[in-house]
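Welcome! Please take a moment to look over the sequence and the structure shown here, and then we can walk through them together.

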Amino acid sequence: MKLFLLLLVVVSSIAAVFSGNSGRQQIPTLPPEAFITAPTPTEIKSRFAMLDDVRLLANGLLQLGQSLREFVHKTKAQINDIFQKLNIFDRSFYQLSVVTSEIKEEEEELKKTTSFLKANNEEIRNLSLEINSKINNIMQERTQLQKKVGSLEERLKGLSQSMIPPDQLSEITTLKLSFDSFQDTVDKPVDADQTASDIFEYLTANTTGLEINDLPVDCSDLFNKGEDNSGIYMIKPNQSEPFYVYCEIDSDGSLTVIQRRLDGSVDFDESWDKYEKGFGDLEKDFWLGLQKIHSLTQQRPYILRIDLEDWKEEKHWAEYHFVVGSPSTGYTLHVSNFSGDLQDAMTNLNGMKFSTKDRSNNDQRDSSCARNNTGGWWQSMSCESNLNGKYLWMRAKGRSVRRKGVHWRPRTGPSYYFKKTKITLRPAITANKAN
C-alpha cells in the first residue's frame, strides 16, 4: 500500500511539471524576440510523446492500485469468514466434548449398576440353592416323620382296639380329625398382601385395646409424650379413627412420614381406591393414604418436607406450608412459603386435584402429561413433578421414559430425576428445626 502511494506521488509530481510547462507555453511572458532559436517540430513531438507515456504510466498505476485495493478487501473478507468458521468449529467441539463426558458418566453408572446386579444375582442364586437344599431336607424329614406317625398309629390302633371301649375310640377319632383340620389351616401360607393391606385400615377401640383419647394426634405429639425411637405407632388425629403411621424420631423431634421410595419394591401405579386408603410397607416403600393425610392437615398447620436423592447420591430438599382438601374436593393441593435447595415445582400445582390412572380430576385426559405419567399425583398440564412415578432401576436415557419416573420439574430450569424420596409432616410451630 505504501509503494502504491509513493508511485502516485511521483506520477502526480511529473504530471504537475509537464502541465506547468505546457501552461507557461500558452501564456507568453517574453516577446518572441527573446528566443534565440525556436523548437523544432521533432522536439515538440518528443515532448508530447513523453507526456503521453507518463499519463499511460499513471493510468496503469491507478488501475494497479485499484486492483490491489480490491484484492485486500477480498482477502480480509475471506479471513473473517475463516475466523467465523473456526469459532463455529470451537463451539461444536466444546459441545461434543460435553456430550462425550456425559456419555462417559452414564457409561460409568451403567457399569456400576451392572456390577451391582451381577453381585445381587449371584447372591440370589446362592440363597436359592440354600433354600432348595433346606426344602429338600425338610421334605425328607417330613416323609420320615409321616412313616413313623403311620407306624405309631397302627400300633395305637391295635392297642386301642384291645384296651379302649368303642365309644371312647369314636371320640378319639373325632378329635384326631379336628386336629388334622386345624393343622391344615395352620400350614396354609399367610397372604402377605392381605397382611400389608390390613395395616392401612382404620382401627377401633375394640381392636386397639387402648383408650382412644390417650393416643397421640401425630408423631410430634408422640415425641412430646416421651417416645424416642423411630418405628410404627398408632395415632388418632382429630375427627378421625386411629391408624398406624411410621414416625421418624431423633433428638430434635419427630416427623410423620406420609411417603417413601427406597428401592422400588412397591408398585406405585395404583388405583384411586388404593391411593385413598394407602398401600405398601410402612417400614420401606409406602403411601400413607389421602384420607389420612387430609385428616392430619386439618387439625393444625403443617410443614411438608420433601427429601430427595438423585442417581449421583446427591441429596436435595424442599419445604412448604401444606394442606390437603377433603374427599369432596378431590383432595385439592394447597402449598405456600417455599424454601429449599431445588427450584419450586409445586406452587404452580395449587388448586390441582389428585389424579390416578383410573381417575383424572383436572380435565386433562387429552394432555401428554395425563397419557404418559404413572402413579397418582397432583398433575397439571405441564407435568411439573411426580414423586409417585414409576421407579426406574437405573438412570433412563430417553426423556419420555424419565418423565414416567420419579421426577421434579420446575416451570423454568432443568428437570431432576431421583431414585429415593421421603415426604414427611411436622407441625408449623416447630418449623425452626435446622435443615
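What follows is a guided tour, from the overall picture to individual residues.

Before we start, keep in mind that this is a predicted model. The protein has 435 residues, of which 31% are buried. Its secondary structure consists of 10 helices and 13 strands. If you look at contacts between residues with a separation of 6 or more, 57% of them join residues 24 or more positions apart. On the outside, the protein exposes about 28700 Å², and carbon and sulfur atoms supply 56% of that area.

Let us begin with helix α2, which covers residues 41–163. F83 has its place in this helix. Together with I79, I82 and L86, F83 makes a nonpolar surface patch of about 380 Å².

Helix α2 also carries charged pairs. One of them joins K111 to E107 in a salt bridge, where the closest N and O atoms are 3.9 Å apart. These two residues are four residues apart in helix α2, so about one helical turn separates K111 from E107. Both ends of this pair are partly exposed: K111 has a relative accessible area of 47%, and E107 has one of 42%.

Further along the helix, E122 forms a salt bridge with R125, and here the closest N and O atoms are 2.6 Å apart. E122 and R125 are three residues apart, again about one turn of helix α2. E122 is partly exposed at 40% relative accessibility, and R125 is partly exposed too, with 45%.

How many salt bridges does the protein have? The count comes to 12. Among the others is the one between K274 and E270, whose closest N and O atoms are 3.8 Å apart. K274 is partly exposed, with a relative accessible area of 35%. Salt bridges can also be linked to one another, and R305, D307, E319 and R426 form such a network.

Now for a charged residue without such a partner. R261 sits in strand β3, which runs over residues 253–261. R261 is buried and has no salt bridge. Why does D285 not count as a salt-bridge partner for R261? D285 is the nearest side chain of opposite charge, but it is 4.6 Å away, and a salt bridge needs the nitrogen and the carboxyl oxygen to be within 4 Å. What the side chain of R261 does reach is backbone oxygen: that of L387 at 3.2 Å and that of G389 at 2.9 Å. Leaving aside residues up to four places away in sequence, R261 touches a varied set of residues, including F268, D285, N388, Y391, V406, K419 and T421.

Next, find Y246, in strand β2 (residues 243–250). Is Y246 buried or exposed? With a relative accessible area of 16%, Y246 is buried, because the cut-off for buried is under 20%. Residues that Y246 touches include C219, I232, L255, V257, R260, L282 and F286, again not counting those up to four places away in sequence. D281 is 35 residues from Y246 along the chain, and their C-alpha atoms are separated by 9.9 Å.

Helix α8, made of residues 290–299, is a good place to see a covered element, since eight of its 10 residues are buried. The buried residues of α8 are L290, K292, I293, H294, S295, L296, T297 and Q299.

The tour ends with two details of the backbone. Most residues other than glycine have a negative phi. Q239, although not a glycine, has a positive phi of about 60°. Q239 lies in the loop between β1 (231–235) and β2, and is exposed, with a relative accessible area of 81%. Y331 also is not a glycine and has a positive phi, of about 55°. Its loop lies between β7 (315–324) and β8 (333–340). Where Q239 is exposed, Y331 counts as buried, at 0% relative accessibility.

Terms used. Residues numbered from 1 in each chain as written. Predicted model: local features only at pLDDT ≥ 70, side-chain atom pairs only at ≥ 80, totals over all residues. Heavy atoms only, no water. Patch = residues over 30% accessible without salt bridge, like charges linked within 9 Å, V, L, I, M, F, W, Y side chains within 5 Å. Areas by Shrake-Rupley, 256 points an atom, 1.4 Å probe, with all protein chains shown as cover. Buried < 20%, exposed > 50% of the residue type's maximum accessible area, 1.4 Å probe, protein only. Lys, Arg positive; Asp, Glu negative; His and termini not counted. Polar contact = N/O pair within 3.5 Å; in protein donor to acceptor, adjacent residues only side chain to side chain. Contact = heavy atoms within 4.5 Å.
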